[in-house]
Each structure stands twice: as C-alpha cells, then as structure tokens.
Amino acid sequence: GVGVVFQQLTKNIDEAESSIAQVNASIRSTGGVAGVTAKQVEDLAQSMKKLNGVDDDAVRSMASVLLTFTKVGKETFPQATQAIVDMSAKLGTDLKASAIQVGKALNDPIKGVSALQRVGVSFTESQKALIKSLVDSGRTMEAQKLILRELETEFGGAAAAARDTLGGALKALDVSVGDVWQSIGGGAGGG
C-alpha cells in the first residue's frame with residue numbers, strides 16, 4: 001500500500017523534474033538561440049495538456065529535443081510543437097521521434113522535405129521548388145512555415161480528436177492522476 005503510493009509519487013515527481021531540467025539544459029546548451037524560455041515551454045505544455053490531453057511532462061521532454069534544432073525559433077516553435085503532437089497522434093509515434101523528424105525538417109527545409117516524405121508527408125513538386133527557392137534566398141522561416149502548413153493539412157487536429165475518444169479520456173484521467181501525485185509531493189510542473 002504505502003510503498004506503491006510512494007513509488008508512484010516518486011515516479012511522477014521525477015518525470016516532472018527531469019523534463020523541466022531537460023528543457024533548461026537544451027536552452028543552455030544552445031545559448032537560447034531559439035528565443036524560447038523555460039516559462040514559455042511550460043505554458044505551452046500546460047496548454048497542450050488542456051487542448052490535446054497530452055501529458056505535460058511528455059510535451060516538455062519533446063520540447064527539449066525540438067529546442068536542440070537551432071534554426072527553429074520562437075516564431076515557429078509553438079506551431080511546430082502542435083504539429084509534432086498531432087503527427088504523433090495520427091501516426092502512433094513517440095513524441096520525441098516526431099520532434100526529431102520535424103526538427104530536422106525545419107532546421108534544413110530542403111533535406112527535411114525528403115525525410116518527411118519518407119514517413120508519409122506529401123509535398124508537391126511545386127512546394128519542394130518553392131521551399132528550395134525560399135531557403136536559397138535567405139527566407140528560411142517562410143520555408144519552415146510552408147512545411148508546418150503541410151503538416152497542419154495532413155495531421156491538424158489529430159491529438160484533439162484522439163483526446164475525444166474513450167481511450168483519450170482514460171489517458172487524460174491518467175494524466176490528471178499524475179498531477180494529483182505531483183501536487184501531493186510538491187512536484188514541479190504538471191502531470
């Protein structure tokens with residue numbers, strides 16, 4: 001009884017503290033080049049939890065990976081985060097794996113389009129040519145936004161739709177229970 005409760009409490013606090021520490025480490029290691037603060041990541045994680053039923057610890061952990069891609073800035077970071085959550089929900093993949101795929105695509109849009117196509121994202125020849133032209137003319141953020149629009153077209157709303165199922169409701173309940181465990185132990189962050 002008490003041992004199981006203590007183990008669960010310790011696990012939930014550890015997950016929260018670890019994900020927060022990883023966000024801070026990513027910001028430090030990149031010199032904060034993304035222009036995204038730990039507070040902004042926390043706010044985004046809490047928003048994702050409410051809107052999509054995704055565990056905020058998992059969102060923070062995913063965000064810590066995305067922050068390592070130094071060409072993903074504060075202008076595209078929130079949209080990229082949502083795209084990753086939706087892509088993972090639709091494809092049934094791990095958030096961190098999706099963060100690596102999307103992060104690579106945004107960091108190097110010309111090569112990234114090919115990588116995303118290998119996992120099923122469709123780009124027309126004209127989109128690929130436009131992305132190349134934008135990058136070649138120094139307008140990388142516009143190329144990133146074009147990639148994010150395509151991800152939105154293909155995966156947009158998938159996480160919210162998954163949340164609105166019985167399985168999604170049970171997962172959201174599990175996240176809420178984790179939040180309770182963290183609050184009992186005074187853990188940082190949400191569940």
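Start with the whole chain: ten helices and zero strands make up the secondary structure. The model is predicted. Reading along the sequence gives the pattern α-α-α-α-α-α-α-α-α-α. Colour by burial next. Of the 191 residues, 43% count as buried. Now turn on contacts. Among those with a separation of 6 or more, 68% join residues 24 or more positions apart.

**Stop 1: the nonpolar core**

Which residues have the most contacts inside the largest nonpolar core? Select L67, F77, L116, I147 and L151. The core itself has 41 residues. Helices 1 to 8 each supply at least two residues of it. To find some of them, select 2-29 for helix 1, 38-52 for helix 2 and 109-118 for helix 6.

Stay with L116 and show its surroundings. Leaving aside residues up to four places away in sequence, L116 touches M87, Q101, A105, V121, F123, I147 and L151. Two of these neighbours, I147 and L151, are also on the list of residues with the most contacts in the core.

**Stop 2: helix 8 and its partner**

Select 140-155, which is helix 8. Helix 8 has 16 residues. From its first C-alpha to its last it reaches 22 Å, close to the 22 Å expected at 1.5 Å a residue. Which of its residues are buried? They are A143, Q144, L146, I147, L148, E150, L151 and F155. Step just past the end of helix 8 to G157, where phi is positive, at about 85°.

Now add helix 5, residues 95-107. The axes of helix 5 and helix 8 come within 9 Å. They cross at roughly 145°. The crossing is right-handed. Show side chains where the two helices meet. Helix 5 brings V102, A105 and L106. Helix 8 brings Q144, I147, L148 and L151. Each of those four helix 8 residues is on the buried list of helix 8. A105, I147 and L151 also touch L116, the residue from the previous stop.

**Stop 3: helix 4**

Select 77-91 for helix 4. The 15 residues of helix 4 should span 21 Å at 1.5 Å a residue, and its end C-alpha atoms are 21 Å apart, so the two values agree. Its buried residues are F77, A80, T81, Q82, A83, I84, V85, D86, M87 and S88. F77 is one of the core residues with the most contacts. M87 is one of the residues touched by L116. Just after helix 4, look at G92, which takes a positive phi of about 70°.

**Stop 4: helix 3 and its charges**

Select 56-66, which is helix 3. Begin with R60. The side chains of R60 and D56 meet in a salt bridge, 3.4 Å from N to O. These two residues lie four apart in helix 3, about one turn of the helix. Both D56 and R60 are buried.

R60 also forms a salt bridge with D57, with the closest N and O atoms 2.2 Å apart. Here the separation in helix 3 is three residues, again about one turn. D57 is buried, as is R60.

Now widen the selection. Which residues are linked with R60 in a network of salt bridges? Add E42, K49, D56 and D57. A search of the whole structure finds eight salt bridges.

Before leaving helix 3, pick S64. Is S64 buried or exposed? S64 counts as buried because its relative accessibility is 7%, and the cut-off is under 20%. Not counting residues up to four places away in sequence, S64 touches Q22, V23 and S26.

**Stop 5: helix 7**

Select 125-136 for helix 7. K128 forms a salt bridge with E125, and the closest N and O atoms are 2.8 Å apart. The pair lie three residues apart in helix 7, about one turn of the helix. K128 is partly exposed, at a relative accessible area of 25%. E125 is exposed, at 58%.

Finish with D136, also in helix 7. Is D136 buried or exposed? D136 counts as exposed because its relative accessibility is 52%, and the cut-off is over 50%. Add I110 and draw a distance line between the two C-alpha atoms. D136 and I110 are 26 residues apart along the chain, and their C-alpha atoms are separated by 9.4 Å.

Methods
Residues numbered from 1 in each chain as written. Predicted model: local features only at pLDDT ≥ 70, side-chain atom pairs only at ≥ 80, totals over all residues. Heavy atoms only, no water. Salt bridge = Lys/Arg side-chain N within 4 Å of Asp/Glu carboxyl O. Buried < 20%, exposed > 50% of the residue type's maximum accessible area, 1.4 Å probe, protein only. Core = buried A, V, L, I, M, F, W, Y, C linked by side-chain atoms within 4.5 Å. Contact = heavy atoms within 4.5 Å. Expected span 1.5 Å × (residues − 1). Axes fitted to C-alpha atoms, helices over the stretch in contact; angles between N-to-C directions. Left-handed = near helix turned anticlockwise from the far one by under 90°.
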